[in-house]
Amino acid sequence: MAKVLVVTSGKGGVGKTTSTAALGAALAQGGENVVVVDFDVGLRNLDLVMGAERRVVYDMINVIQGDAKLSQALIRDKRIDNLSLLPASQTRDKDALTDEGVEKIVQQLREKFDWVICDSPAGIEKGAMMAMRYADIAVVVTNPEVSSVRDSDRIIGMLDSKTLKAERDERMEKHLLLTRYDAGRASRGEMLKVEDVLEILSIPLLGIVPESVDVLNASNLGSPITLNNPASAAAKAYFEAARRLRGEQVEVAVPMERRGIMGRLFGRKVMA
Amino acid sequence: MSETRPLIRLRGRSIMALVLTPEPPLPAWLEALDAQIERAPTFFDNRPVIVDLGTLPRETRDAAELMRAIQERGIHIIGVESAHPSWSGLEAWGRPLPGAGKAGKPIEIPQTAAASAASVASSSPGPRVEPAKATPAPTPAPTPTQAPAQTSAPAPEQASLLVGHSVRSGQSIAFENGDITIIGSVASGAEVVAGGSIHVYGALRGRAIAGLSGNSSARIFCSKLNAELVAIDGVYQTAEDMPPDRIGMPSCAWLDGDLMRITPID
């Protein structure tokens, strides 16, 4: 039975696209058939992070409007066979999305793949609503800081009211993915602690991804971090999150502050 | 053989009583009362009444007579309030009642018998209406004001809304007809609006607006005060002005006249 997952947040810039690519690649490496779908019409980014920006011919709006078939728009990843991308349009905007069009596409994708991961745009308007509407599972990406937490709370409220599952009175499985976590800043009180975020949002924790320069390096190279640098701390966190999504019980480890020899000698934090 | 004694049980019980406040000069007041009863003969039927003698001057000698006069008119008196200790003859009405509770809103006295029957069943009282001009107005003597004791509506139980989950940011829960109880937290950016009191068994991080439509005795309770704004009957206080020692603590917000007070829940 295929699973439709929406990666959403409310707040922009917290790591939805990065997480969509990382989780998608991690699941695909584990043997699942995965498609990642970009719902950010007009401001598409998923194709860049996946390294497919030079191969985009047709996009989701073309499929909705009947200009192309779904199979023509799907782009298979060159590195992993069972990972595909459905890009968004860059020239149109979110008004081009229609309810019936999206429903039809999601239905068709369900038949072809095990996992359909929808990368939601930021905000609470049509693009975000369409991305979450047909989802079975939601991953709410949050940075441990106040504005991100409040926006995530709003988005959780919408997951419980504006989705098809909510309308059918079914409970949508929601998971919290805490990203850009900086242990040092959390211990100094500059960032919210994990317990504080969990207390406010009250949804189960999927994983904690530490702040990492490797993430930017990977996206510059057009590769999900779990492909580009699987040994990095961020990638490890994503691999574990993917295992939890598949139902495995893996304990969540809160990333510790990393201090090298220089840091210990001179008491200053060295860039890891 | 040992005898088992019957167990004495005590229960708490609250009832809605009306408070009648005679105002001098008394003869004129009694005339006004008669005129009112004529207009709405069944209004006092079966309603327990407490007579508040607080406006009578200390030198009053005929307080007992006044009570009898009221009782003769078929008003069912169950107690006396604010009588001066020197007045005699009031023992028939039992001991004076303990200190007055918070006064509620004035009750509209219906102008016709039919309306009077209806008012017994009605829920929210409207604003007090002046007596109809058709009947000869008793004179400048004030018409009897009736302020209910303890509660604000001459109706059976007030309705109450129970919300069994947290209120998320951006959501708004409104219930004009009574209290709202939330089992969970109210997130920052959410709001709860009630005609009565608000009870949050969790953290209050958003806005709580209680006592809508004039209920100044409404209160706001929470296990953890981190509210952005609290308001009771139009009087509001933002987070900035809240007492710092209550932030993050179990608190109760209530109105002391026109002042918002936030105190611990004991």
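User: I'm new to this one. How many helices and strands are there in chain B?

Analyst: Chain B has three helices and 15 strands. Keep in mind that this is a predicted model.

User: How do I tell what share of chain B is buried?

Analyst: A residue is called buried when its relative accessible area is under 20%. Chain B has 266 residues, and 42% of them count as buried.

User: And what does the outside of chain B look like in numbers?

Analyst: The exposed area of chain B is about 15,000 Å², with 55% of it coming from carbon and sulfur atoms.

User: What about contacts between residues of chain B that sit apart in sequence?

Analyst: Take the contacts in chain B between residues at least 6 apart in sequence: 44% of these join residues at least 24 apart.

User: Let's zoom in on chain A. Where does Gln90(A) lie?

Analyst: Look at the loop between β4 (83-86) and α5 (99-112) of chain A; Gln90(A) is there.

User: Why does Gln90(A) count as partly exposed?

Analyst: Partly exposed covers the range between under 20% and over 50%. Gln90(A) gets that label because its relative accessibility is 39%.

User: Which residues is Gln90(A) in contact with, leaving aside neighbours within four places in sequence?

Analyst: Those are Gly42(A), Leu43(A) and Arg44(A). In the case of Gly42(A), the side chain of Gln90(A) reaches the backbone oxygen at 3.5 Å. For Arg44(A), the backbone nitrogen lies 2.9 Å from a polar atom of the Gln90(A) side chain.

User: How about Val41(A), what separates its C-alpha atom from that of Gln90(A)?

Analyst: The two C-alpha atoms are 6.2 Å apart, while Val41(A) and Gln90(A) are 49 residues apart along the chain.

How values were computed
Residues are numbered from 1 along each chain as its sequence is written. Chains are lettered from A and ligands numbered from 1 in the order in which they are written. This is a predicted model: local features need pLDDT of at least 70, side-chain atom pairs count only at pLDDT 80 or more; totals for chains, interfaces and linings use all residues. Side-chain values use heavy atoms; hydrogens and water are left out. Helices (H or I, at least four residues) and strands (E, at least two) are DSSP runs, numbered from the N terminus. Buried means under 20% relative accessible area, exposed over 50%, partly exposed in between (1.4 Å probe, protein chains only). Contact means heavy atoms within 4.5 Å. A polar contact is a pair of N or O atoms within 3.5 Å; within protein, one must be able to donate a hydrogen and the other to accept it, and residues adjacent in sequence count only if both atoms are side-chain atoms. Accessible areas come from the Shrake-Rupley method with a 1.4 Å probe; for residues, only the protein chains shown count as cover.
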